[in-house]
Each structure stands twice: as structure tokens, then as C-alpha cells.
Amino acid sequence: MTTALTLTTDSRPDGLQLTAVGEIDMSNAEIFANALTAAVAEADGERLVVDLTGVQYLDSAGLAALFAQAAHLQVRTGPLIAPLLEVSGLADLTTVEHA
């Protein structure tokens with residue numbers, strides 16, 4: 001059974017943050033991609049912080065959504081997702097902060 005994906009966007013003193021909690025897979029990757037696109041637009045040229053510390057699973061569809069916006073992102077991740085971001089090369093394209 002998959003854990004439902006919850007997305008929230010918050011303005012913080014250091015900029016806009018999109019927080020994802022749950023699992024990001026083929027069934028909801030388009031929702032995630034659309035949220036990323038909207039948040040990048042709302043960030044208006046500033047880097048968007050994407051908090052993935054509450055994500056338990058990220059498949060290639062979710063990873064593709066991150067790659068599509070990599071130039072505009074700073075990613076926070078926990079120990080489950082961090083190796084995937086490193087091996088995939090996303091960490092070479094954007095800042096990946098390990099929580």
C-alpha cells in the first residue's frame with residue numbers, strides 16, 4: 001500500500017518552500033511536477049526549497065520532475081532519498097542538503 005502524497009507550499013524568511021510528504025511515484029508524479037512548476041513560478045526567480053525529508057519513496061517519474069526544474073531548486077532530503085539523488089546525478093545539478 002502506498003502512502004498518499006501531501007504537498008504544501010510555505011513562504012519562509014529564506015524563500016518559498018514546497019514540502020512533500022508520502023510517496024512520489026508514477027501515480028502522482030504529474031501532480032508533483034505541476035506543484036513544482038507552480039512553486040518555481042511563485043518563487044519568481046528565487047531558488048525554491050523542496051523539502052523531501054518526509055518522502056519515503058521516489059521513483060523515476062518523480063525524479064524526472066525534479067530534473068526538469070533542477071536549475072531553480074534547492075533540495076532537502078533525508079537518508080532514504082539522498083542516495084538516489086546522488087547516484088542519479090541530480091546533486092550535480094542543484095544543491096542537495098542532507099537533513
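Let's start with helix α2. Its buried residues are G62, L63, A65 and L66. They cover an arc of only 155° around the axis, which puts them on the same side of α2. Turn to the face pointing away from that buried side. There you find the exposed residues S60 and A68. What sits over the buried residues of α2? The cover includes β2, α1, β3, β4, α3 and α4. Here α3 is residues 82-88, and α4 is residues 90-93.

One thing to keep in mind throughout: this is a predicted model.

Now step back to the whole chain. How many helices and strands does the protein chain have? Four helices and five strands. Starting at the N terminus, the order is β-β-α-β-α-β-α-α-β.

Next, overall size. The C-alpha atoms fill a box of roughly 35 × 25 × 20 Å, taken along the principal axes. Is that what we should expect for a compact globule? Let me check with the radius of gyration. For 99 residues, a compact globule would have a value near 13 Å; this chain has 12 Å, so the two agree. Of the 99 residues, 43% count as buried. The exposed surface of the chain is about 5300 Å², and carbon and sulfur atoms supply 55% of that.

How about contacts along the chain? Take those between residues at least 6 apart in sequence. Of these, 55% join residues at least 24 apart.

On to helix α1, residues 29-43. First, a length check. There are 15 residues in α1, and at 1.5 Å a residue they should span 21 Å. The end C-alpha atoms are 21 Å apart, so the helix agrees with the expectation.

Which residues of α1 are buried? They are A29, F32, A35, L36, A39, V40 and A43. Look down the axis of α1: these buried residues fall within an arc of 135°, so they line one face of the helix. Look at the spacing too. An α-helix has 3.6 residues a turn, so residues three or four places apart point the same way. The face of α1 turned away from the buried side carries E30, I31, A41 and E42, which are exposed.

What covers the buried residues of α1? The list includes β1 (6-12), β2 (15-24), β3 (48-58), α2 (60-68) and β4 (73-77). So α2 helps cover α1, and α1 is also part of the cover of α2.

That brings us to the core. The largest nonpolar core has 25 residues. Which of them have the most contacts inside it? F32, L36, L48, L52, L66 and L85. At least two residues each come from β2, α1, β3, α2 and β4. The top contributor is α1, with six residues.

Pick one core residue, L48. Set aside its neighbours within four places in sequence. L48 is then in contact with L16, Q17, L18, L36, A39, V40, H72, L73 and Q74. Among those partners, L36, A39 and V40 are buried residues of α1.

Last stop: the end of α1. The helix is followed by D44. This residue lies in the loop between α1 and β3. Its phi is near 55°, a positive value in a residue other than glycine. Is D44 buried or exposed? Exposed, with a relative accessible area of 65%.

To recap: the buried residues of α1 line one face, and α1 gives the most to the largest core.

Terms used:
Residues numbered from 1 in each chain as written. Predicted model: local features only at pLDDT ≥ 70, side-chain atom pairs only at ≥ 80, totals over all residues. Heavy atoms only, no water. Expected span 1.5 Å × (residues − 1). Buried < 20%, exposed > 50% of the residue type's maximum accessible area, 1.4 Å probe, protein only. Arc of directions from axis to C-beta. Contact = heavy atoms within 4.5 Å. Core = buried A, V, L, I, M, F, W, Y, C linked by side-chain atoms within 4.5 Å. Rg over C-alpha atoms; globule rule 2.2 N^0.38 Å. Areas by Shrake-Rupley, 256 points an atom, 1.4 Å probe, with all protein chains shown as cover.
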